[in-house]
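Here are my notes for you to read with the model open beside them. Take the points one at a time, and find each residue on screen as you go.

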Amino acid sequence: MNDTRFYPIGTPNQPWGAAEKAEWRARQVPVRSYTDDVVPKLDALRDRFHVTQYGTLDYAPHSYPLYAVRSRDWNPSLPSVLVTGGVHGYETSGVEGALQFLDTRAVDYAGRANVLVVPCVSPWGYERIQRWNADAIDPNRSFVADSPAQESAALMALLAPLRAGMVMHIDLHETTDSDESEFRPALAARDGKPFEPGLIPDGFYLVDDTENPQPAFQQAINAAVEQVTHIAPADDRNEIIGSAVVAPGVIQYPLKKLGLCASITGARFTTTTEVYPDSPRATPQQCNDAQVAAVCAAIDYALAH
């Protein structure tokens, strides 16, 4: 049965128009700073990596420089790997985990792989702890031609000349309690649909590609992560967030069809991590550590295969 709760913007069963989106945007206020939290950590990497600006988000009166970090010894003859974080700005360990990987582990792959990391794809969302961008668009459903999301379009443009050499892409995400309390109700209201409540899994899980499943790759990542934090169990329907569990801690989505970030390189090995920061069994540092463990396991597996 559909839940009778309704989001406080819009009219039930009617998709949002410009007025509703403007009202929603007016409610989104910065509660943390990309300039203070993220940019200094990127600047601190400049002596070890190439840190370059690949675009600018323009949401007047605010604008945000977009940064990518890549190996100093980039060699076209080596395989390349991609790490993305903060596609959903509210998913903090995606950003922090990507930055921690750069600071502590990325140099381990010098001479073995070209490493490209985009730690915060959606800085407007990061500041407002928001899933969507300022236009009430989900960047992680917008990695498509002529993307409606500035964040997605900028990242796709960055990667266009690099796709051929990419062997692995890991996209760092979280599933949070606010998915159920805020973001899914907002999505239903925006699209004029009833909100159907679901269950938030307690633990880490991965999203494989329905069209290019790599079960051994996913298993290798989960094996590394479970040394840091627990893997999410299936619910009583053998599902996680409404999708069938195909292996412990693994579900599948059709990545390209849904316009998901993990589809953009066409790499053989792709995955989306989902950390659960609201678990009483996990600390924020464990969440960051889990992301780093996932990244390293993903790279190691891809380079070995």
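1. Start with Glu 91, which has a relative accessible area of 1% and counts as buried, because buried means under 20%. Keep in mind that this is a predicted model. Glu 91 sits in the loop between strand 3 and helix 4 (92-104). Which residues does Glu 91 touch, leaving aside those up to four places away in sequence? They are Arg 131, His 173 and Glu 174.

2. Next, zoom out to the chain. It holds 10 helices and 10 strands, and its C-alpha trace spans about 55 × 50 × 35 Å along the principal axes. For 305 residues, a compact globule would have a radius of gyration near 19 Å, and the chain agrees with its 19 Å. Of these 305 residues, 53% count as buried. Among contacts with a separation of 6 or more, 75% are between residues 24 or more positions apart.

3. Helix 6 (residues 150-159) is a nice one to rotate on screen. Its buried residues are Glu 151, Ser 152, Ala 154, Leu 155, Leu 158 and Leu 159. Why do these residues line one face of the helix? Looking down the helix axis, you find them within an arc of 165°, so they line one face. What do they pack against? Their partners are strand 1 (49-59), strand 2 (62-71), strand 3 (80-85), strand 4 (114-118) and strand 5 (166-174).

4. Now look for the largest pocket, which holds about 1200 Å³ of space. Its lining has 47 residues, and Arg 184, Glu 196, Ile 241, Gly 242 and Tyr 253 lie nearest the centre. By class, the lining comprises 20 nonpolar, 8 polar and 19 charged residues. Helix 7 (177-190) is among the elements that supply at least two lining residues, as are strand 5, strand 6 (205-209), strand 7 (239-240) and strand 10 (269-275). Helix 7 provides the largest share, 7 residues.

5. Ile 241, one of the residues nearest the centre of the largest pocket, deserves a second look. It is found in the loop between strand 7 and strand 8 (243-244). Its phi is near 40°, a positive value in a residue other than glycine. Is Ile 241 buried or partly exposed? At 24% relative accessibility, Ile 241 counts as partly exposed.

6. Compare that with Asp 146, in the loop between helix 5 (123-128) and helix 6. Asp 146 also has a positive phi without being glycine, near 55°. With a relative accessibility of 79%, Asp 146 counts as exposed.

7. The second largest pocket contains about 210 Å³ of space. It is lined by 14 residues, with Gln 219, Asn 222, Ala 247, Pro 248 and Val 250 nearest its centre. Two or more lining residues come from each of helix 8 (215-225) and strand 9 (250-253), and helix 8 gives the most, 5 residues. The lining has 8 nonpolar, 4 polar and 2 charged residues.

8. Finally, a backbone detail. What kind of peptide bond joins Ala 60 and Pro 61? The bond is cis, with omega about 10°. You can find Pro 61 in the loop between strand 1 and strand 2.

Key:
Residues are numbered from 1 along each chain as its sequence is written. This is a predicted model: local features need pLDDT of at least 70, side-chain atom pairs count only at pLDDT 80 or more; totals for chains, interfaces and linings use all residues. Side-chain values use heavy atoms; hydrogens and water are left out. Buried means under 20% relative accessible area, exposed over 50%, partly exposed in between (1.4 Å probe, protein chains only). Helices (H or I, at least four residues) and strands (E, at least two) are DSSP runs, numbered from the N terminus. The arc is that of the directions from the helix axis to the C-beta atoms. Contact means heavy atoms within 4.5 Å. On a 1 Å grid over the protein atoms alone, a cavity is a set of points where a 1.4 Å probe fits but cannot get out, and a pocket is an open set with protein on both sides within 12 Å along at least five of seven lines; lining residues have an atom within 4 Å of a point. Grid points are joined across faces, edges and corners, and a volume is the space filled by probe spheres set on the points. Ala, Val, Leu, Ile, Met, Phe, Trp, Tyr, Cys and Pro count as nonpolar, Asp, Glu, Lys and Arg as charged, and the others, Gly among them, as polar. The radius of gyration is taken over C-alpha atoms; the globule rule is 2.2 Å times the number of residues to the power 0.38.
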